[in-house]
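Visitor: I should be grateful for a close look at one residue of this protein, followed by an account of the parts around it and of the chain as a whole. Please proceed step by step, as I am new to the subject.

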Amino acid sequence: MKNLLPIPLFFTVFLFSVLQPLRAQESNKAFYVELGGNGLFFSANYDMRFGSNTAGPGARIGIGYVGGGSADGSVVTVPLMINHFLGNNGKYFEIGAGITYVSAQADFVGDDFSDSEFWATLSFMYRRHPTDGGFMWKVGITPVIADGIFIPYWLGVGLGYAF
């Protein structure tokens, strides 16, 4: 279980091929992978709008995993956010707030470490989300508040499929 990168990659390619034939009148859902961002390192995410339009309020949930390494440690993250898209014609400014569950386990020279907690997260991102579906991407800053420390410069980049 040292190298699990092929599993998320396979899962992403599989979902893209399954979702390719699906085209809604107005795209209000998306599946994407995010590097950095609210999943902290890497996460796979599902995003949906509360209404039938692409713009407006919505929510997302994801799951992230980083494992292996020399210390045999792993980190699991679960970002859960409420967000709002401002804009139109596939060009949006995404504003969001939520929490990310973080669970870390490691074995450092025979000393086991395990911790889990909730971190507050924000997102301020530019998002290209076609209103008729297709390839979507987003990039921006995703500040984190962890253990009372505000980290304003956390970055995120997402690539995926809108449907």
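**A tyrosine in strand S5**

Guide: The residue chosen for this close look is Tyr92, which is found in strand S5. The model under discussion is a predicted one. Tyr92 counts as buried because its relative accessibility is 3%, and the cut-off for a buried residue is under 20%.

The surroundings of Tyr92 come next. Leaving out residues up to four places away in sequence, Tyr92 touches Thr54, Ala55, Phe85, Leu86, Gly87, Met125, Tyr126, Arg127, His129 and Thr131. One of these, Ala55, is 37 residues from Tyr92 along the chain, yet the C-alpha atoms of the two are separated by 7.5 Å. Contacts across the sequence may also be considered for the whole protein: among contacts between residues at least 6 apart, 50% join residues at least 24 apart.

Strand S5 also leads to the interior of the protein. The largest nonpolar core consists of six residues, namely Leu40, Val75, Val102, Ala104, Val144 and Ala146. Strand S5, which covers 91-108, supplies at least two residues of this core, and so does strand S8, which covers 144-146. One member of this core, Val75, touches Val102 and Ala104, and also Phe41, Gly64, Tyr65, Val66 and Ser103, when residues up to four places away in sequence are not counted. Another core, of five residues, lies apart from the largest one; among its members are Phe31, Val33, Ala44 and Tyr161.

Burial is not restricted to strands. Asn38 lies in the loop between S1 and S2, and with a relative accessibility of 0% it counts as buried. Its contacts, once neighbours within four places in sequence are set aside, are Arg60, Pro79, Met81, Thr100, Thr121, Leu122, Ser123 and Thr142.

A second tyrosine, Tyr46, lies in strand S2. Tyr46 is partly exposed, with a relative accessible area of 31%, whereas Tyr92 is buried. Together with Met48, Phe50, Ile61, Leu80, Ile82, Ile99 and Phe118, Tyr46 makes a nonpolar surface patch of about 760 Å². Two or more residues of the patch come from strand S2 (42-49), and two or more from strand S4 (73-88).

The pairing of strands adds a further part of the picture. Strand S1, residues 29-36, pairs with strand S10, residues 155-162, in the antiparallel sense over seven bridges. Within this pairing, Gly36 has Gly156 of S10 as its bridge partner. S10 also pairs with strand S7, residues 134-141, again in the antiparallel sense, over eight bridges. There, Ile141 has Leu155 of S10 as its bridge partner.

Finally, these details may be placed in the whole. The protein contains one helix and 10 strands, and from the N terminus on its elements run α-β-β-β-β-β-β-β-β-β-β. Of its 163 residues, 40% are buried; Tyr92 and Asn38 are examples of buried residues. The protein exposes about 8,900 Å², and carbon and sulfur atoms supply 70% of this area.

How values were computed
Residues numbered from 1 in each chain as written. Predicted model: local features only at pLDDT ≥ 70, side-chain atom pairs only at ≥ 80, totals over all residues. Heavy atoms only, no water. Pairing = 2+ DSSP bridges. Helix = DSSP H or I, 4+ residues; strand = E, 2+ residues; numbered from the N terminus. Buried < 20%, exposed > 50% of the residue type's maximum accessible area, 1.4 Å probe, protein only. Contact = heavy atoms within 4.5 Å. Areas by Shrake-Rupley, 256 points an atom, 1.4 Å probe, with all protein chains shown as cover. Core = buried A, V, L, I, M, F, W, Y, C linked by side-chain atoms within 4.5 Å. Patch = residues over 30% accessible without salt bridge, like charges linked within 9 Å, V, L, I, M, F, W, Y side chains within 5 Å. Salt bridge = Lys/Arg side-chain N within 4 Å of Asp/Glu carboxyl O.
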